[in-house]
Amino acid sequence: GAQASVSRRRDAPLSGRLPAAMKSVARLALLSALAWAQARAWQVRGRRLRQGTRVAKRHEALLFARTSNRHRSSERAGARLVEEMKVVHKTAYWGQMSLGSPPQPFKVIFDTGSGNLIVPASSCTDAGCSPHRKYNAKASTTSASVQNEKGEGSSEITFGTGQVSGDFYRDNLCIGQSLCFDANFIAAERMSAEPFSEIPFDGIMGLGFKDLSMGNGFNIVDDLASSPELPSGGHQFSFFVSDGQDSEVTFGGYRADRLASDIVWAPVKVESWWQVAIDDITFNNVPKSLCNGQCQVAVDTGTSMLAGPSDLVDKLSNMVNAKDDCSNFDQLPTLGFQIGDTILNLRPDDYMDKSASGCSFSIMALDVPPPKGPVFIFGDPFLRRFVTIYDRSKPAVGFAVARHSGAEDKVAASTLIARVHGDKAGSAPVSSSRAGSSPQTGVSLHLDGGLMTGDSDNSDSSSAPAPAADTANAAPVDAAPSRSDSEQDPMAEMRALLGGRASFLQKPRRQAANLVSVRLFRDQRR
């Protein structure tokens with residue numbers, strides 16, 4: 001039969017011999033064979049990893065997640081089909097760090113939606129590794145292979161799109177030049193072509209909680225909390241994100257000069273992602289009874305999207321009722337997320353896609369199953385409006401209006417953070433915690449940025465060395481309070497500050513400190 005098929009192909013094209021149905025079957029068979037071959041290759045790799053050690057298996061639900069856009073109008077059925085197949089990649093904001101002695105530099109995204117540090121290994125020859133810098137364990141005098149508490153010495157991780165596998169190592173990690181500590185991480189020996197061959201950074205630094213990590217000693221947030229370079233402020237880090245070239249992540253506190261408002265603190269409800277409870281969703285500060293106290297939000301510094309449960313996204317789209325021709329754009333409401341009696345507002349240009357071709361609701365449908373879901377995802381559009389502060393000791397997430405243009409942002413702060421039914425947040429009594437009096441050292445890192453296709457605002461970012469720590473001229477940082485005896489219970493301070501409330505406001509504090517900043521850039525090309 002095989003010989004006959006070959007003979008026919010030599011005489012005439014196969015497309016001229018087979019009916020359409022058979023051609024479809026042939027295509028499906030070919031695709032199935034290719035998928036089987038790829039899966040088989042990963043199975044073989046898995047067996048090799050398992051020789052002499054156990055393999056940890058994880059799934060990252062948010063990283064490189066697939067999502068749908070089912071709320072598009074029926075007139076855009078064709079476009080909707082494309083959107084449903086689209087891969088929503090992580091926002092391309094990355095910074096420099098290094099591993100090993102002597103240091104081997106890498107570009108990584110700082111991602112609060114995952115919990116592991118992953119870089120390519122020098123032994124990786126996959127298409128997903130080819131464009132990137134690779135970690136060479138043999139070239140580092142401080143490198144060591146390690147296992148977690150379960151005896152696992154390697155891992156296989158699947159994402160919404162793609163997968164990696166690799167071995168566990170421990171080596172010296174430096175963020176900037178002043179913040180260094182020993183860290184456990186994954187050196188990936190396999191990385192799928194999609195999406196890793198096209199991303200403009202080398203690896204991922206997960207800044208989620210321990211349950212997202214490979215085991216004890218693999219969580220970077222815990223490492224930072226115990227770092228001697230951040231004496232009592234290591235349990236806090238923050239992100240300032242903009243469309244320009246001044247975005248940064250700060251370890252050890254936050255920069256008060258980046259804030260245009262008081263800080264709204266919300267306790268973390270699920271210690272996995274940085275996930276907080278939302279009491280309701282509001283239009284122009286009026287609650288709409290959409291949550292019944294059951295909504296959750298994950299603040300994800302690594303994603304470009306706003307997303308939420310499909311049923312709520314459909315309801316919101318219908319309630320907003322934005323016209324495709326943008327004719328009612330100026331009349332659209334602020335879309336708010338209520339935490340206690342405080343509301344964090346997004347403007348129409350935050351939650352709508354507006355272009356010359358028309359307008360559409362931009363919040364994507366993403367259904368995360370229990371126990372972590374259903375959940376909203378606060379990504380890039382939200383992060384540009386609000387500085388986000390992550391405090392491991394409480395644990396809690398702080399939100400403050402980002403200061404992009406000085407006085408204008410101060411005015412905007414009164415509408416972006418409001419009270420239910422329209423009262424300004426600033427008019428309510430403000431609760432605050434006392435700042436510690438001990439010296440604090442913060443590390444702020446500059447972040448480059450670009451699209452997942454590898455384009456970047458800064459064409460030299462791929463070859464530029466890691467920015468030096470600016471310990472002499474950095475702006476003061478508001479460092480996290482020093483730990484007291486009452487904080488032996490990690491929730492004690494949060495309970496005291498909240499006093500039975502769902503959130504509390506805190507005045508930004510300035511404190512002399514040294515910072516190392518990583519700037520972030522964002523490529524506007526599409």
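This section describes the fold, the interior, one pocket and several individual residues of a predicted model.

The chain holds 10 helices and 33 strands. Of its 526 residues, 56% are buried. Contacts across the sequence were also examined: among those between residues at least 6 apart in sequence, 76% join residues at least 24 apart. The accessible surface of the chain amounts to about 22,100 Å², and carbon and sulfur atoms account for 51% of this area.

Within the interior, the largest nonpolar core comprises 79 residues. Phe110, Leu173, Met205, Leu207 and Phe251 have the most contacts inside this core. Strand β8, which covers residues 179-191, provides the largest share of the core, namely five residues. Another core, of 19 residues, lies apart from the largest one. Trp94, Cys124, Ile157 and Phe168 are among the residues of this other core.

Empty space at the protein surface was considered next. Rolling a probe the size of a water molecule over the atoms reveals where such space is left. The second largest pocket of the model has a volume of about 300 Å³, and 15 residues line it. Of these lining residues, Asp350, Arg384, Arg385, His404 and Asp409 lie nearest the centre of the pocket. Three helices, α7 (348-351), α8 (380-385) and α9 (407-416), each contribute at least two residues to the lining. The most is given by α9, with four residues. By chemical character, the lining consists of eight charged, four nonpolar and three polar residues.

Individual positions were then examined, beginning with two buried residues that carry polar or charged side chains. Asp280 is located in strand β15, which spans residues 280-283. Asp280 counts as buried because its relative accessibility is 7%, and the cut-off for burial is 20%. When neighbours within four places in sequence are left aside, the contacts of Asp280 are Pro287, Lys288, Ser289, Leu290, Cys291, Gly336, Phe337 and Gln338. Asp280 is also paired here with Cys295, from which it is separated by 15 residues in sequence and by 7.1 Å in space, C-alpha to C-alpha.

His132 is placed in the loop between β4 (117-120) and β5 (144-145). With a relative accessible area of 7%, His132 is therefore classed as buried. Beyond its neighbours within four places in sequence, His132 is in contact with Pro120, Phe196, Ile199, Phe201 and Asp202.

Met305 likewise belongs to a loop, the one between β17 and β18 (306-308). The relative accessibility of Met305 is 5%, so this residue counts as buried. Met305 and Met364 are 59 residues apart along the chain, and their C-alpha atoms are separated by 7.2 Å.

The backbone geometry was examined last. Most residues other than glycine have a negative phi, and most peptide bonds are trans. Against this background, two residues with positive phi and two cis peptide bonds may be described. Ser289, although not a glycine, has a positive phi of about 55°. Ser289 lies in the loop between β16 (286-287) and β17 (295-299), and its relative accessible area of 57% makes it exposed. Ser289 is also one of the residues in contact with Asp280. Cys326, which is not a glycine either, has a positive phi near 65°. The loop that contains Cys326 runs between α6 (310-320) and β19 (335-339). In contrast to the exposed Ser289, Cys326 counts as buried, at 17% relative accessibility.

Both cis peptide bonds described here precede a proline. One runs from Gly373 to Pro374, with omega near -5°. Pro374 is situated in the loop between β23 (364-365) and β24 (376-378). The other runs from Lys394 to Pro395, with omega near -15°. Pro395 is found in the loop between β25 (386-391) and β26 (396-401).

Terms used:
Residues are numbered from 1 along each chain as its sequence is written. This is a predicted model: local features need pLDDT of at least 70, side-chain atom pairs count only at pLDDT 80 or more; totals for chains, interfaces and linings use all residues. Side-chain values use heavy atoms; hydrogens and water are left out. Buried means under 20% relative accessible area, exposed over 50%, partly exposed in between (1.4 Å probe, protein chains only). Contact means heavy atoms within 4.5 Å. Accessible areas come from the Shrake-Rupley method with a 1.4 Å probe; for residues, only the protein chains shown count as cover. A nonpolar core is a set of buried Ala, Val, Leu, Ile, Met, Phe, Trp, Tyr and Cys residues joined through side-chain atoms within 4.5 Å. On a 1 Å grid over the protein atoms alone, a cavity is a set of points where a 1.4 Å probe fits but cannot get out, and a pocket is an open set with protein on both sides within 12 Å along at least five of seven lines; lining residues have an atom within 4 Å of a point. Grid points are joined across faces, edges and corners, and a volume is the space filled by probe spheres set on the points.
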